[in-house]
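Subject: Structure for you to look at

Dear colleague,

I am handing over the structure we spoke about, with the sequence alongside. Please keep it open while you read the notes below.

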Amino acid sequence: MTRLRYAVSYRTLDFRSAAKFERRKNHLPWSCEACRRRKVACDHRTPVCGRCLRRGKPEQCSYVAAPMSNRRNNDTQTLDDTSVTIDEPDSNQEDSSSTSGPAVPPSVDPVVHTRQHVGYLGPTSFSALFTDNHEFRNIPDSLRNLPTGRDATTVTNADIEQGAQIVLLFWQCLPLCSKISQRYYRFWDIGVVWEALVEVWRDGALQVLDGDPGQMSEAALTERCREMSQLVWQNSGRDEAIDENTTFQLWASGFTGRRLRWETVGTVLGMIALSAFLDEDWAAMRDTASFHRGDGPELVHRLHTAVITCRLFCGQNEVLNEVYLMMLVTEGGILEGTQGDMRLANWKLQGEFSDALVAMGLHRTNSINHRKRPFWNLQLRRQIFAACYCRDKWFSCLLGRPPRLGYKFCHFELPLELSVDELLSSQQPGPLLSLVDESGWDKRDTVNWVTWLRLRAQYCAIREDILEISLGNTMTTDDLQWRTEVIHQKIRQFSERLPGKIQRRVDHALECLSKQSLATRGGSGLLSALAVHLGMLQTRYLLHRALFTQTLALPDDIIDTAREILNLVLQVVAAQGLFHDWPGDVASLLVVTAVPCAGMLAIALLREQQSNIRTISAVPGQKSDVIQKVCFLVAALNSVPTRDILYSLCRQYAAVLQRLLDSILEPAPNNSAPANTYDVSDVPPLDVFDFTLATTDHDTDFLHWLESLS
């Protein structure tokens, strides 16, 4: 039996006065009087057994001498007053998280369970022999789920007190759940946090954390939060139970109420933090958030700190479930909004996200564990994996680092294009499968956030092939040509197989941009359609950059692609009324997407001045058009508001591009020189402008190189 080490302070028990007791002939002590009268299994611990401890009645636990027994060899058991060793309860124990019983959890310290699994194990693992032969009934389950060898988890008083502070903040923020903007349930990766889940969690938590914490005395509030912290620690140490017949309501309720867990707390607080980013959302929250006297950014910082703490608590308990992954998604959104995309913290968090996903086996949808889950849960898992896969490729392309998740080592299927309401409307998959075609697309002319997630996952798979060219070993010319042709073929297939309803929406979004029609304002769907089109343009641009890295020859198509991307981003900036709800995304387009393209075009113009090779100037009017677009981009970068997290980067890159423009437009010293001619001697030499980093295949080094020019 696994023993758990739990450091707590027991004020009602005297550990040093534990009496000797007798053992029976089978070497097991007699059950305590309370368990014997109730005819339930006792774990025989002293001075208080685990069952009496969980019942909150340690005073009823007592042992009497057993007949026909031998005395214990050693003297009285001695335990210090700061820790107690508790056995893990048996499988028949009472469910302390049941909804029956008092609303306030018992004021005793909980038992923290130790998980006895290591997560997903693949075909080369030490247990593959048993997992591959699961059809043989004579193989015990213990051989299929081998223990980790770790037999103790320590939770200190400091952990409980710190958890009590998180519980208090969670309690105060519960009314804000109804203020979470609808946009965050339908956009980008945050869509994996279903709105129906947050509603169930909020209602369940309010049943336990009832009342206004602001009206309670300090002593009562402190004790209440500490008791709740103990209960949450206990719940977070358990594995949730789920099978193919589990309903969504039953599964969701297993993470709230008296079953509240740290991953639930962290996810809810993360969603509230995301909704406090924008000024108009914070204005809707301000009156409800009476507990917070600061502004929106200060609340975001408080909530972000709490989410990080919840993640650390989950790591201490080795939590692995879908809600934990949702919490990582929300924390990633907060990090990107407060610190930007290129911080090390974001890269490390994405690594934890990918590691947890693989440990759960979500990268192998054909595994045995997936067959034992309900249809709605399988779709939720597919959505989470697709979101993680897209984020992995995003960071890899942005930072020029190898991806953690590769489709060559994953067997996953894209989520079906079904809304959350449809997934929850039926427990049986039959009626839902009739709504989609063989490729998983909805047969109706409707779209939802899963539509855009499926599209992003498909072109991210193409980017993985491009990353292999960029970051892999040096290839032969034939191998490079063959891989390039394969990627071009995948890009053509992606465009040809694009559903008609998607193409119509992309065309509509481009038309709205060209006309700057404000009648279609507010659209997350409009921005999503543009993001799909821009994503494929960026994929082509990445391929050109990869070929440039391998051959150091500037492809002709890269100029056209870069101009198209730059023109599209500037149209988005000019029509900001269409994207009033997403100012942060527009600023991100400027920094991450437009600046590299503009810098590459400016560098091409500088190279033209230093050589007789004409690339941009080969087409009449193209040079002036590029200069004009770069000037517009500089103005757009300087117009980013100071409250935006990317404000400083925008100003730096605006200065860099301005310097490049000055070098390009610097007049010749001879006034008699004809117009539109440039003296190469006035252009800084190559050793002043280090072009080495400009040939890299990723954007971070390129942006750093541009920054060094300022």
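What follows is an account of some helices and single residues.

Please bear in mind throughout that this is a predicted model.

I begin with a pair of helices. Helix H5, residues 157-173, packs against helix H7, residues 218-236, at an angle of about 110 degrees and with the two axes 7 Å apart, which makes H5 roughly perpendicular to H7. On the H5 side the contact includes Ile-160, Ala-164, Val-167, Leu-168 and Trp-171, and on the H7 side the residues met include Leu-221, Cys-225, Met-228 and Trp-233. Taken as a whole, the residues of this contact divide into nine nonpolar, four polar and four charged.

Helix H11 can be followed from one end to the other. Before the helix, Asp-295 caps the N-terminal end, with a side-chain oxygen 3.1 Å from the backbone nitrogen of Glu-298. The helix itself covers residues 296-316, 21 residues in total, and reaches 30 Å from its first C-alpha to its last, close to the 30 Å expected at 1.5 Å a residue. Its buried residues include Leu-299, Val-300, Leu-303 and Phe-313, and among them are also His-304 and Arg-311. Just after H11 comes Glu-318, with a positive phi of about 55 degrees; this residue is found in the loop between H11 and helix H12 (322-339), and it counts as partly exposed because its relative accessibility is 30%.

A positive phi is also found at Lys-39, where the value is near 60 degrees in a residue other than glycine. Lys-39 lies in the loop between helix H1 (33-38) and helix H2 (50-55), and with a relative accessible area of 77% this residue is exposed.

Two buried residues in other helices complete these notes. Gln-622, in helix H24 (residues 622-638), counts as buried because its relative accessibility is 7%, and its side chain makes a polar contact of 2.7 Å with the side chain of Arg-563. If neighbours within four places in sequence are left aside, Gln-622 is in contact with Ile-559, Asp-560, Arg-563, Thr-615 and Ile-616. Ser-663, in helix H25 (residues 647-665), has 11% relative accessibility and therefore counts as buried as well, and its C-alpha atom is separated by 7.8 Å from that of Leu-606, although the two residues are 57 residues apart along the chain.

With best wishes

Key. Residues numbered from 1 in each chain as written. Predicted model: local features only at pLDDT ≥ 70, side-chain atom pairs only at ≥ 80, totals over all residues. Heavy atoms only, no water. Axes fitted to C-alpha atoms, helices over the stretch in contact; angles between N-to-C directions. Helix = DSSP H or I, 4+ residues; strand = E, 2+ residues; numbered from the N terminus. Parallel < 35°, antiparallel > 145°, perpendicular 65-115°, else oblique. Contact = heavy atoms within 4.5 Å. Nonpolar A, V, L, I, M, F, W, Y, C, P; charged D, E, K, R; others polar. Buried < 20%, exposed > 50% of the residue type's maximum accessible area, 1.4 Å probe, protein only. Expected span 1.5 Å × (residues − 1). Polar contact = N/O pair within 3.5 Å; in protein donor to acceptor, adjacent residues only side chain to side chain.
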